[in-house]
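The following report introduces the architecture of a single protein chain to a reader who is new to the subject. Please keep the sequence and the structure in view while reading.

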Amino acid sequence: MIKRLLLIFLTIILMPAALAQEKFTLSGSISDANSNETLIGVNILIPELQTGTTTNAYGFYSITLPKGSYKIIISYLGFQSVEELLVLDKDIQKNFKLNESSEFLDEVVIKNDIEKLNIRKAQMSVNNLSISTIKQLPVVLGEVDIVKSITLLPGVTNAGEGSSGFNVRGGSADQNLILLDEATIFNSSHLFGFFSVFNPDAIKDIKLYKGGIPSKYGGRVSSVLDIYQKDGNSKEFHMNGGIGLVSSRLLAEGPLEKEKGAFLFGGRSSYAHLFFPLFELDNVAYFYDLNTKLSYNINNNNNIYLSGYFGRDVFSIADSFENSYGNAVINFRWNHLFSDKLFSNLSLIYSNYDYDLKLNFVEFDWTSGITNFNLKYDFKHYIDQGFKLQYGLNSIYLKFNPGDIRPTTESSGINEFKLIDKYALENAIYIDAEHKISDRININYGLRVSSFLRLGQDELNQYQNDQAVSFNEELQIYEKSEPIDTLHFKRSDVIKSFANLEPRFGMSYRIDENSSVKLSYNRMSQYLNLLSNTSSPTPLDVWTPSGKYVKPQLLDQVAIGYFKTFKDNKYSLEIESYYKKIKNRIDYIDGADLIANNAIEQIILNGEARAYGLEVLLKKNDGKLKGWIAYTLSKSEQKTKGRTATETGINNGQWYNTPYDKTHDISVTANYQLGEKWELNSNFLYQTGQPTTYPISQYEYNGINIPNYGLRNSNRLPNYHRLDISAIYNPKPNSTKRFKTEWVVGIYNIYNRKNATSITFRQNRITGTNEALRLAIFGIVPAVSYNFKF
């Protein structure tokens with residue numbers, strides 16, 4: 001009924017324009033001519049009308065134009081552009097196939113038309129990095145890393161070397177929604193953060209939303225990293241892979257039925273642990289990934305996909321300790337075209353993350369994890385060239401396993417112990433509109449309505465005045481409250497429910513053909529929290545849902561920006577300023593114990609956070625030398641005030657730096673084509689040191705000096721900086737043979753900077769004096785890898 005009323009309303013609004021001039025729709029899909037792989041974000045340009053559109057996440061496009069003859073230009077970075085004259089006197093369905101190009105778009109006219117389209121768009125605070133660009137970047141140990149690559153963009157950092165996850169505009173890592181083929185990835189890192197879980201050979205498209213986030217996304221308050229896997233080659237069989245110092249990868253793709261269906265299987269594994277016995281090390285440390293995808297074109301109106309990702313890390317020290325963790329996702333999707341203007345996608349998604357820790361020296365096994373089942377149904381409605389709608393719904397059922405301890409031997413003396421499982425249901429409906437108001441003004445506006453139901457669990461503590469944390473006025477500290485009762489629920493019961501309206505808005509004003517000003521606002525809700533008292537996530541961290549004692553995080557963010565291209569799009573400049581505020585950001589009382597805690601509500605308080613900053617991105621897009629300079633000036637703070645006038649709050653109720661606060665963040669990335677065979681790459685990073693807390697005094701207890709620490713995060717680690725270089729050698733760039741190879745040689749941290757990961761303080765046992773211990777993970781690290789495809 002709502003949809004019908006909306007269509008009637010839109011028909012009335014658009015009727016005068018429709019009567020004024022007869023219009024027809026051009027629609028279809030755009031794919032790679034060599035593999036039939038659909039292409040995301042391809043530009044369809046109509047120079048005569050200075051308008052155009054782009055393909056969606058499944059390669060579909062639709063554009064409605066007045067009756068007439070037009071030159072259609074199809075262009076996509078890394079592919080040869082296509083120009084075609086078309087008489088539009090009826091609705092036309094037309095598919096295009098693009099051929100790869102060794103040179104990027106050479107026609108200035110086409111480039112200018114593309115940038116005019118991007119300048120006009122209301123969407124801002126979005127970054128795209130192509131896989132080809134990511135593969136050029138120098139990286140530690142030669143392992144191409146998608147997550148580390150996006151930290152070269154403005155507004156994106158991490159907690160340093162060897163840290164997992166990433167931080168966007170001063171937010172924590174758990175505030176980022178990471179999607180792989182629309183499935184949630186709960187841990188994006190291998191080997192405790194040294195590498196990411198994404199095999200670059202299997203990835204087709206990457207998009208990072210930092211602000212102005214469309215209403216189709218929800219559940220996190222900092223960013224969305226949306227990644228799509230390749231569909232597979234439906235024309236012929238191909239393989240490609242690479243051999244590096246610590247890992248190797250192999251990907252195979254080919255037709256299930258020629259021109260109709262395709263398969264893709266990709267595997268990656270590390271093997272450095274195989275060399276441990278040479279150094280008499282009885283340890284194990286390795287990871288593996290498996291990417292899978294099946295796609296099939298039933299007919300022009302229906303496509304189905306079955307994709308999956310399975311990854312695992314294993315780390316052990318002799319016979320005393322073994323740790324393993326990993327993600328598993330499966331996704332079935334059905335694309336259906338109701339008409340040349342209405343595209344839909346139905347997704348059924350399973351996602352799981354689990355953690356296992358075996359401590360053989362104390363003879364017990366600890367497991368924890370989170371599982372979700374997600375139903376999504378999304379629609380893209382191309383109502384008119386100046387008005388498009390995107391709407392849909394999704395429902396997620398979540399199960400949380402905080403921990404399960406089991407003895408590994410009968411003589412261990414440890415009793416089996418199970419932390420109470422938690423359950424929740426997260427629902428949302430949304431609608432987004434793209435509206436061209438005039439030739440100069442475009443706006444995006446939408447609304448997401450989200451709800452969260454904390455479902456029944458076996459036991460739940462009840463506290464006096466519903467306060468799980470009490471304040472000791474005599475000692476001036478927060479303490480755990482004692483439960484006054486234990487409540488029991490059926491699984492179908494609702495312990496606590498939340499509902500939030502999440503409006504989204506974006507607008508662009510075109511100053512001239514090459515520049516525009518944009519602004520955006522978005523409100524978002526986050527109902528899940530990652531319990532962690534470290535600056536970056538670890539596999540031992542546990543996800544917990546909002547409920548009776550934990551409120552959902554609520555974000556309000558505004559941003560304004562200036563965008564310009566100059567010298568025929570040879571250069572582009574993006575300047576953005578943002579301010580965001582988060583309510584109900586969880587904070588921990590001093591001395592909080594997070595591991596194996598069955599009453600986590602007893603150690604957390606609800607506070608607030610804020611972040612603001614300026615981002616600058618200057619890009620050189622053409623020529624032998626390409627690259628960008630990114631600079632971010634920012635502040636990220638957190639505050640937890642006392643609940644009453646007598647309570648001190650955390651950090652005396654004052655604002656303090658979050659662990660993700662980096663005042664200055666500079667990255668310079670360059671790529672130089674040296675002839676046909678050689679390609680040189682480099683990147684330089686400089687960041688303000690990470691906030692930390694140092695001792696300000698000490699006292700003696702039983703002959704031991706005990707440090708007394710100051711206010712939270714009032715100190716900083718030394719500033720972080722490094723320079724990386726790499727070279728790519730293609731021995732036969734013009735070879736017509738199917739088997740092609742390349743060598744990649746790189747040096748990470750070429751001037752051997754010992755960047756501090758942490759600084760700890762201790763008493764020297766010999767001299768009795770206090771000393772600081774600085775821990776650095778990497779110095780200079782050379783790497784070499786060999787890549788091939790056929």
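## Nonpolar cores

In this predicted model, the largest nonpolar core comprises 31 residues, and Phe166 and Phe198 have the most contacts inside it. At least two residues of this core come from each of helix 3 (131-136), helix 4 (146-150), strand 12 (176-180), strand 16, strand 17 and strand 41. A further core of 21 residues lies apart from it, and includes Tyr325, Phe400, Leu528 and Trp543. In soluble globular proteins, nonpolar side chains tend to be buried together.

Which residues does phenylalanine 198 touch, leaving aside those up to four places away in sequence? They are Ile146, Val147, Ile178, Leu180, Ile185, Ser188, Ile227 and Arg268.

## The chain as a whole

The chain contains four helices and 53 strands. Its radius of gyration is 27 Å, close to the 28 Å that the globule rule gives for 790 residues, and the chain is therefore as compact as a globular protein of that length. Taken along the principal axes, the box filled by the C-alpha atoms is roughly 90 × 65 × 50 Å.

Of the 790 residues, 53% count as buried. Among contacts between residues at least 6 apart in sequence, 66% join residues at least 24 apart.

## Two open sheets

One open sheet has five strands in the order 9-16-17-12-13, and its pairing is mixed. Strand 9 (126-128) and strand 13 (183-184) are its edge strands, each pairing on one side only. Within this sheet, strand 16 (residues 203-209) and strand 17 (residues 223-229) pair in the antiparallel sense over six bridges. Tyrosine 209 stands opposite valine 224, which belongs to strand 17. Strands 16 and 17 also appear among the elements that supply at least two residues each to the largest core.

Another open sheet has four strands in the order 3-2-5-6, with antiparallel pairing. Its edge strands, pairing on one side only, are strand 3 (51-54) and strand 6 (82-88). From one strand to the next, the twist averages 25°. Strand 5 (residues 68-75) runs antiparallel to strand 6, and seven bridges join the two. Here glycine 68 stands opposite leucine 88 of strand 6.

## Two serine residues

The table sets out the location and relative accessibility of two serine residues.

| Residue | Location | Relative accessibility |
|---|---|---|
| Serine 634 | strand 41 (residues 625-639) | 16% |
| Serine 163 | loop between strand 10 (156-157) and strand 11 (167-168) | 5% |

Why does serine 634 count as buried? The reason is the cut-off: buried means under 20% relative accessible area, and serine 634 has a relative accessibility of 16%. Its side chain reaches the backbone oxygen of lysine 662 at 3.0 Å. Not counting residues up to four places away in sequence, serine 634 touches Tyr578, Tyr612, Gly613, Asp661, Lys662 and Thr663. Lysine 662 thus appears both in the polar contact and in the list of residues touched.

Serine 163 is likewise buried, because its relative accessible area is 5%. From C-alpha to C-alpha, serine 163 and phenylalanine 186 are 15 Å apart in space, and they are 23 residues apart in sequence.

Technical notes:
Residues are numbered from 1 along each chain as its sequence is written. This is a predicted model: local features need pLDDT of at least 70, side-chain atom pairs count only at pLDDT 80 or more; totals for chains, interfaces and linings use all residues. Side-chain values use heavy atoms; hydrogens and water are left out. Two strands pair if DSSP finds at least two bridges between them. Buried means under 20% relative accessible area, exposed over 50%, partly exposed in between (1.4 Å probe, protein chains only). A polar contact is a pair of N or O atoms within 3.5 Å; within protein, one must be able to donate a hydrogen and the other to accept it, and residues adjacent in sequence count only if both atoms are side-chain atoms. Contact means heavy atoms within 4.5 Å. Axes are lines fitted to C-alpha atoms, for helices over the stretch in contact, and angles run from 0 to 180 degrees between N-to-C directions. A nonpolar core is a set of buried Ala, Val, Leu, Ile, Met, Phe, Trp, Tyr and Cys residues joined through side-chain atoms within 4.5 Å. The radius of gyration is taken over C-alpha atoms; the globule rule is 2.2 Å times the number of residues to the power 0.38.
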